[in-house]
Amino acid sequence: MKDRIPAVIAVALLVALVLGTWWAADYAQRSIPIDPPRRISHDPDSWADQFIMVRTDPAGIAINRLEGVHMDHYPDDDSYKVTTARAIGQQPGSPITVGTSKIAIMDKDGSRIVMQGDAHLHRLPDQDHAPLDVTSQKLTLLPDKDVAYTDLPALVVNGNSTMNGKGMRYDNKTRVLQVFSSTDVKISAQDVQNQQQSNAKKKKP
């Protein structure tokens with residue numbers, strides 16, 4: 001019996017050492033944060049000069065290009081701020097659009113571009129449609145939907161016709177332009193005639 005006492009004591013000490021080590025490790029892990037809390041301030045974490053970003057559709061075809069003199073990336077909302085911005089939309093089957101502004105904010109994984117400061121959208125003409133120009137202090141572009149809109153006053157020049165109003169939405173896929181509150185509208189007779197001729201051609205089998 002006396003020969004077993006040292007062995008029992010050794011086992012007891014070993015168990016106590018294991019339990020003490022486990023408790024110390026668990027206490028240290030709970031007391032010291034392993035990962036620091038995520039920074040939530042709106043501060044840039046990266047930048048680039050002569051910035052160019054090209055987005056493609058699932059087939060790999062380029063549908064939108066955003067470029068500018070300088071870019072800052074903000075990690076809190078994964079947004080990009082671009083100065084002297086130029087956004088080019090080139091959806092298949094739709095006219096090319098070119099948007100410019102002093103500043104552009106791109107967010108929502110690139111599905112929204114907010115053009116701010118002397119914002120201008122130009123739709124290139126095609127065989128059935130005259131060029132379209134929209135100017136405002138703020139224009140929001142939705143590249144995936146090929147849509148542009150604003151809630152602010154805007155001047156729309158469509159061919160020889162002009163419209164001043166507050167609030168505008170243009171769908172480049174359907175070529176439908178909506179001006180929600182018009183204050184000054186001048187419709188060109190030539191534009192009306194051209195549109196009628198274009199509609200007549202589409203109705204022919």
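Start with the whole chain in cartoon view: this predicted model has two helices and nine strands. Follow the sequence from one end to the other and you read the pattern α-β-β-β-β-β-β-β-β-β-α. Now switch on the surface. The accessible surface of the chain comes to about 13,300 Å², and carbon and sulfur atoms own 58% of that. Of the 205 residues in the chain, buried ones make up 30%. If you like contact maps, keep this in mind too: among contacts with a separation of 6 or more, 39% join residues 24 or more positions apart.

**Stop one: the nonpolar core**

Hide the surface and select Leu 66, Ile 113, Met 115, Val 134, Leu 139 and Leu 141. These belong to the largest nonpolar core, which has 23 residues, and they touch the most other members. Which elements give two or more residues to this core? Colour these strands to see: S2 (62-74), S3 (79-89), S4 (97-107), S5 (112-123), S6 (132-142), S7 (147-158) and S8 (161-171). As general background, nonpolar side chains in soluble globular proteins tend to be buried together.

Stay with Ile 113 for a moment and show what is around it. Leaving out residues up to four places away in sequence, Ile 113 touches Asn 64, Ala 87, Ala 104, Ile 105, Met 106, Leu 139, Thr 140, Leu 141 and Pro 143. Two of those names, Leu 139 and Leu 141, were in your first selection for the core.

**Stop two: the cavity**

How many cavities of 30 Å³ or more are there? The count comes to one, and its volume is about 170 Å³. To find it, select Gly 89, Thr 97, Leu 141, Asp 146 and Val 147: of the 17 residues that line the cavity, these lie nearest its centre. S2, S3, S5, S6 and S7 each give two or more residues to the lining, and S3 gives the most, with three. Colour the lining by class and you should find eleven nonpolar, five polar and one charged residues. Leu 141 is worth a second look here, since you met it in the core and it turns up again by the cavity centre.

**Stop three: Ile 103 on S4**

Next, pick Ile 103, which sits in strand S4. Is Ile 103 buried, partly exposed or exposed? Its relative accessibility is 27%, so it counts as partly exposed; the buried class stops under 20%. Setting aside residues up to four places away in sequence, Ile 103 touches Lys 81, Val 82, Ala 85, Val 114, Met 115 and Gln 116. If you want a distance to draw, go from the C-alpha of Ile 103 to that of Arg 86: the two are 17 residues apart along the chain and separated by 9.2 Å.

**Stop four: two positive phi angles**

Select Thr 84 in strand S3. Its phi is near 50°, a positive value in a residue that is not glycine. Then move to Asp 109, in the loop between S4 and S5. Asp 109 is not a glycine either, and has a positive phi of about 55°. Put the surface back on for this one: Asp 109 has a relative accessible area of 68%, so it is exposed.

**Stop five: S8 and S9**

Finish with a residue from each of these two strands. Met 163 lies in strand S8. Is Met 163 buried or exposed? With a relative accessible area of 15%, it is buried. Draw a line from its C-alpha atom to that of Thr 183, which is 20 residues apart from Met 163 along the chain, and you get 7.7 Å.

Now click on Phe 180, in strand S9 (residues 176-186). Phe 180 counts as exposed, because its relative accessibility is 53% and exposed means over 50%. What does Phe 180 contact, apart from its neighbours within four places in sequence? Show Lys 166, Gly 167, Met 168 and Arg 169 to see those partners. For a last distance, take the C-alpha atoms of Phe 180 and Gly 167: they are 13 residues apart along the chain and separated by 5.2 Å.

Terms used: Residues are numbered from 1 along each chain as its sequence is written. This is a predicted model: local features need pLDDT of at least 70, side-chain atom pairs count only at pLDDT 80 or more; totals for chains, interfaces and linings use all residues. Side-chain values use heavy atoms; hydrogens and water are left out. A nonpolar core is a set of buried Ala, Val, Leu, Ile, Met, Phe, Trp, Tyr and Cys residues joined through side-chain atoms within 4.5 Å. Buried means under 20% relative accessible area, exposed over 50%, partly exposed in between (1.4 Å probe, protein chains only). Helices (H or I, at least four residues) and strands (E, at least two) are DSSP runs, numbered from the N terminus. Contact means heavy atoms within 4.5 Å. Accessible areas come from the Shrake-Rupley method with a 1.4 Å probe; for residues, only the protein chains shown count as cover. On a 1 Å grid over the protein atoms alone, a cavity is a set of points where a 1.4 Å probe fits but cannot get out, and a pocket is an open set with protein on both sides within 12 Å along at least five of seven lines; lining residues have an atom within 4 Å of a point. Grid points are joined across faces, edges and corners, and a volume is the space filled by probe spheres set on the points. Ala, Val, Leu, Ile, Met, Phe, Trp, Tyr, Cys and Pro count as nonpolar, Asp, Glu, Lys and Arg as charged, and the others, Gly among them, as polar.
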